[in-house]
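Please look through the sequence and the model that follow, keeping both at hand while reading. The paragraphs after them go from the strands to the pockets and then to some particular backbone positions.

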Amino acid sequence: MIQEKREHIINNENTAQQQFEDYVETLAKPIKVIRITELLSGDIDLNVLKEKGYGVPDELIFSEGNITNLYNIPEGLNRLEIPNNMLDTINNLPKSLQVLEIPQNFLEQIDISLLTELEELNISHNKLSELKNIPKKLRVLKCTHNKLEYLDLSNLNENIDLSLY
């Protein structure tokens, strides 16, 4: 069902890239924060930020929508929020991320092992079955409403805000 809906969006409603580019063009350079409040549908390739000389923002915040894929997330980004969308994978996350908020998507796996600066992670309401290699700097972990069978907390410090259920 979800895969069919994603395919329909990609094939018939894939307007997210153009909407993203149109919005970014209205911002003054250098861009520090990109906050998209309109519903976006389809794939977004963030390489456009580099190609058009916008630089790397500190924060990239999307609202609820139908984003199906997010490509080329730039190194140097500190905060990424993409709640309640149609992501089933998210790869090649930049090591610079300090805050990652991707609740209410359809992620089945996520690799956060290289995110050495990550302090806050919200992956609640996804389809994750395991979470391992958690960065040592993590202070907040929200991973409720998943299908977790394996959770490795061995790297975490004692002062973590942990939400599992």
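Two strands are said to pair if DSSP finds at least two bridges between them. By that criterion β2 and β4 are partners, joined in the parallel sense over 5 bridges, and within this pairing I44 stands opposite L70 in β4. The model in which these strands appear is a predicted one. Strand β2, which covers residues 41-45, has 4 of its 5 residues buried, so this strand is largely enclosed by the rest of the structure; buried here refers to a relative accessible area under 20%.

From this pair one can turn to the open sheet, which is formed by 7 strands in the order β1-β3-β5-β6-β7-β9-β11, with parallel pairing. At its edges stand β1 (33-36) and β11 (161-163), and because each has a single partner strand, one side of each is left without a neighbour in the sheet. From one strand to the next, the twist averages 5°. In general, the strands of a sheet pair through backbone hydrogen bonds, and they do so in either a parallel or an antiparallel way. Within the order given above, strand β5 (residues 79-81) and strand β6 (residues 99-101) offer a pairing that can be followed residue by residue, since they are joined in the parallel sense over 3 bridges, with E81 standing opposite E101 in β6.

The edge strand β1 also has a helix lying over it: α2, made up of residues 16-24, lies across β1 and β3 (59-62) and runs at about 130° to β1. The loop between α2 and β1 is the place of P30, and the peptide bond that leads from K29 to P30 is cis, with omega near -10°.

Which residues lie closest to the centre of the largest pocket? They are Y71, N72, I73, P74 and N92, out of the 17 residues that line this pocket, and the space within the largest pocket comes to about 280 Å³. Both α3 (47-51) and β4 (66-71) supply at least two residues each to the lining of the largest pocket, so that β4, the strand paired with β2, also takes part in this lining. By residue type, the lining of the largest pocket divides into 8 nonpolar, 7 polar and 2 charged residues.

The second largest pocket holds about 190 Å³ of space. It is lined by 13 residues, of which I90, N91, N92, L93 and D111 are the closest to its centre. N92 is therefore named for this pocket as well as for the largest one, being among the residues closest to the centre of each. The lining of the second largest pocket consists of 6 nonpolar, 5 polar and 2 charged residues.

Two further positions deserve a look for their backbone angles. N84, which lies in the loop between β5 and β6, has a positive phi of about 50° although it is not a glycine. H125, found in the loop between β7 (120-122) and β8 (130-131), is likewise a residue other than glycine with a positive phi, in this case near 60°. Are these side positions buried, exposed or partly exposed? N84 is partly exposed, with a relative accessible area of 28%, and H125 is also partly exposed, with a relative accessible area of 35%.

Technical notes: Residues numbered from 1 in each chain as written. Predicted model: local features only at pLDDT ≥ 70, side-chain atom pairs only at ≥ 80, totals over all residues. Heavy atoms only, no water. Axes fitted to C-alpha atoms, helices over the stretch in contact; angles between N-to-C directions. Contact = heavy atoms within 4.5 Å. 1 Å grid on protein atoms, 1.4 Å probe; cavity = no way out; pocket = protein on both sides within 12 Å on 5 of 7 lines; lining within 4 Å. Points joined across faces, edges and corners; volume = space filled by probe spheres on them. Nonpolar A, V, L, I, M, F, W, Y, C, P; charged D, E, K, R; others polar. Buried < 20%, exposed > 50% of the residue type's maximum accessible area, 1.4 Å probe, protein only.
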